[in-house]
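Visitor: I should like a close look at a single part of this protein, followed outward into its surroundings. Please take me through it in one connected account.

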Amino acid sequence: MASTRADLRRDMVNADREEEAVKNDSIMSYETVKYFNAESYEFGRYRKAIRSFQAAEKKVTWGMNDMNIYQALVFTFGILTMLMIAAVEVTLNLRSIGDFVVMISYLAQLQGPLQFFGSFYRTVQQAMISGERLLELFKIKPSVVDQPGVVALRECRGHIRWTNVQFSYLQERTALHDISFDCLPGTTTAFVGESGGGKSTIFRLMFRYYNCANGKIEIDGHDVKDLTIDSVRRHIGVVPQDTLLFNETIMYNLKYANPSVSDEEVYEACRAASIHDRIVSFANGYNTKVGDRGARLSGGEKQRVAIARTILKNPKIIMLDEATSALDSETEQHIQAKLIRGGSLGQDRTLLIIAHRLSTITHADQIIVLHAGSVIEKGTHTELLALRGRYASMWESQSQAEQAAVAARTATAHAQKLLRMAHLQNPTHQARASETNSEGYRSLTSSTLLGAAGPSTPLQESIHNSDTSSDDDN
Ligand SMILES: Nc1ncnc2c1ncn2[C@@H]1O[C@H](COP(=O)(O)OP(=O)(O)OP(=O)(O)O)[C@@H](O)[C@H]1O
Ligand SMILES: [Mg+2]
């Protein structure tokens with residue numbers, strides 16, 4: 001009976017965990033739920049989880065009641081039998097009345113400890129079942145741990161070298177094949193290529209989330225496997241693809257990187273990340289609560305807070321994984337320039353950038369083009385264009401898209417002008433004409449403007465000059 005009750009309680013604990021998981025999942029992804037009008041579906045999912053918990057709880061409660069009833073019955077019948085036997089023996093003068101009274105008092109004293117033992121056993125059993133999952137988690141061994149004899153990387157110049165690195169998440173599929181590159185201190189290296197090509201994987205290996213299967217990753221000439229994980233991570237700042245913030249104030253989130261920094265240093269980092277003026281414009285300034293996971297900030301604001309936070313960490317190596325994708329290219333390049341300057345030792349930082357918008361990485365010292373986990377091209381922007389390979393065709397197609405947007409914008413502007421002139425001749429329509437603002441055609445052009453052979457062409461510049469969209473800046 002005890003083992004059946006243990007199984008029932010285990011089912012109830014699992015159902016409780018499932019209910020919590022469904023609840024958290026629905027609440028965290030509330031925007032997705034709204035986008036797909038899936039409220040009733042989520043209600044149904046949660047209702048189902050609650051019902052299965054209630055069913056499990058019912059079984060446990062009934063089980064406990066059954067057990068209490070059986071326990072009480074056994075005890076009562078046991079006492080009754082003993083009393084009857086003792087009464088018969090007293091009647092037959094085999095025992096005295098004194099013996100009968102002693103027996104009754106012994107039985108009364110035995111009842112309390114027996115019941116206590118029963119409830120104590122139940123409590124221990126419940127605690128063990130509740131802790132089973134925790135014990136399972138404790139048994140999981142991290143895949144990347146410090147090997148015996150590894151040393152800490154005390155100072156870092158920021159020299160990164162990868163030699164024939166191979167890595168797979170799953171045995172059947174290799175994520176990175178034979179990757180080699182060298183990033184000198186104070187240089188910028190950009191990784192470009194198709195989605196799923198392995199760009200973020202390179203960053204994950206660099207940050208030691210995984211160990212490479214073959215090859216070597218070195219920082220300042222030391223194999224990262226011979227260095228403590230903690231010391232390597234101290235010298236690397238990461239701004240990930242999706243930034244998550246704590247549901248606290250902006251100041252709390254910024255100082256998370258380095259609690260000892262002064263407010264003035266925080267402001268300085270925010271100026272470098274082009275977000276200071278925006279934060280100051282909020283009603284509560286730096287004390288503004290950012291909401292769950294930073295939900296009350298826009299994508300670009302969140303990205304810039306994450307960049308400012310990384311500046312405060314002051315690492316020698318900074319890795320940006322599409323960290324400025326929500327910003328216009330001018331702000332993006334301005335931030336990159338600020339990031340590279342002034343590491344902890346006064347030298348420039350080494351910057352690794354993943355970007356899809358090629359116009360923002362044309363200035364990089366080297367551009368590495370990844371395709372299906374392999375490096376297919378490597379060089380500067382000009383060298384890669386001259387190669388007329390994949391990078392050149394990516395640049396070409398992005399240029400064409402941008403130029404098409406520019407042409408559409410010009411044509412729309414021209415049409416608007418003609419429309420306004422027509423309405424001037426017919427003033428009754430003037431009010432309607434003014435309602436058609438310029439947003440329509442402005443939105444046709446993204447902030448990134450590519451030239452066919454270089455980062456800036458006269459056409460772009462003229463559009464840049466006419467485009468007044470700008471972000472807060474120091
Ligand atoms: N944790 C994981 N387990 C198994 N496979 C993974 C895991 N993370 C990534 N992959 C696979 O590894 C490959 C490379 O992924 P990665 O995230 O590096 O791509 P990416 O180049 O950064 O793409 P994107 O530009 O879309 O961010 C993909 O095919 C992906 O499906
Ligand atoms: Mg990625």
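Guide: The part chosen is strand β2, which spans residues 176-183 and contains Asp178. The model is predicted, and Asp178 has a backbone feature worth inspecting: its phi is near 45°, a positive value in a residue other than glycine. Is Asp178 buried, exposed or partly exposed? Asp178 counts as partly exposed because it has 15 C-beta neighbours inside 10 Å, whereas 20 or more would be required for a buried residue.

From the strand one may turn to the ligand. Ligand 1 is surrounded by a set of residues that includes Tyr169, Leu170 and Ala175, together with Ser195, Gly196, Gly197, Gly198, Lys199, Ser200 and Thr201, and also Gln241. By class, this shell comprises 3 nonpolar, 7 polar and 1 charged residues.

Some members of the shell, among them Lys199 and Thr201, also belong to the buried part of helix α5. That helix covers residues 199-206 and is mostly covered, with 6 of its 8 residues buried. In addition to Lys199 and Thr201, the buried residues of α5 are Ile202, Phe203, Leu205 and Met206. Just after α5, Arg208 takes a positive phi of about 65°.

The interior may be considered next. The largest nonpolar core has 65 residues, and those that touch the most other members are Val192, Ala273, Ala308, Met319, Ile353 and Ile367. Helix α10, residues 299-313, supplies the largest share of this core, with 6 residues. Ile353 is in contact with Thr188, Ala190, Leu320, Gln336, Ile361 and Ala364, when neighbours within four places in sequence are left aside. Another core, of 5 residues, lies apart from the largest one and includes Leu8, Met12, Ala49 and Phe53.

Arg9 lies in helix α1, residues 2-28. Arg9 counts as buried because it has 22 C-beta neighbours inside 10 Å. Not counting residues up to four places away in sequence, Arg9 touches Val60, Gln126 and Ile129. The C-alpha atoms of Arg9 and Lys59 are separated by 8.5 Å, although the two residues are 50 apart along the chain.

A further positive phi, of about 60°, occurs at Asn93, which is not a glycine. Asn93 lies in the loop between α3 (39-91) and α4 (97-139), and it is exposed, because it has 7 other C-beta atoms within 10 Å. An unreviewed UniProt entry places a "transmembrane region" at residues 69-88. In the model this stretch is 100% helix and 0% strand, and its end C-alpha atoms are 28 Å apart.

For the protein as a whole, the secondary structure comes to 16 helices and 10 strands, and buried residues make up 24% of the 474 residues. Of the contacts between residues at least 6 apart in sequence, 71% join residues at least 24 apart.

Confidence bears on how closely each region may be read. The mean pLDDT is 82, and 86% of the residues reach 70 or more. Confidence is highest in strand β1, residues 160-167, at a mean of 93, and lowest in helix α15, residues 439-442, at 35. Over residues 433-474 the pLDDT stays under 50, and the model has 58 contacts beyond four places in sequence for them. Where pLDDT is low, the predicted coordinates should not be read in detail.

Key: Residues are numbered from 1 along each chain as its sequence is written. Chains are lettered from A and ligands numbered from 1 in the order in which they are written. This is a predicted model: local features need pLDDT of at least 70, side-chain atom pairs count only at pLDDT 80 or more; totals for chains, interfaces and linings use all residues. A residue is near a molecule or strand if its C-beta atom, placed from the backbone, lies within 6 Å of it. Ala, Val, Leu, Ile, Met, Phe, Trp, Tyr, Cys and Pro count as nonpolar, Asp, Glu, Lys and Arg as charged, and the others, Gly among them, as polar. pLDDT is the predictor's confidence in each residue, from 0 to 100. Helices (H or I, at least four residues) and strands (E, at least two) are DSSP runs, numbered from the N terminus. Two residues are in contact if their C-beta atoms, placed from the backbone, lie within 7 Å. UniProt positions are given in the numbering used here, feature names are shortened, and annotations may be inferred rather than shown by experiment. A residue is buried if 20 or more other C-beta atoms lie within 10 Å of its own, exposed if 12 or fewer, and partly exposed in between; C-beta atoms are placed from the backbone. A nonpolar core is a set of buried Ala, Val, Leu, Ile, Met, Phe, Trp, Tyr and Cys residues joined through C-beta atoms within 7 Å.
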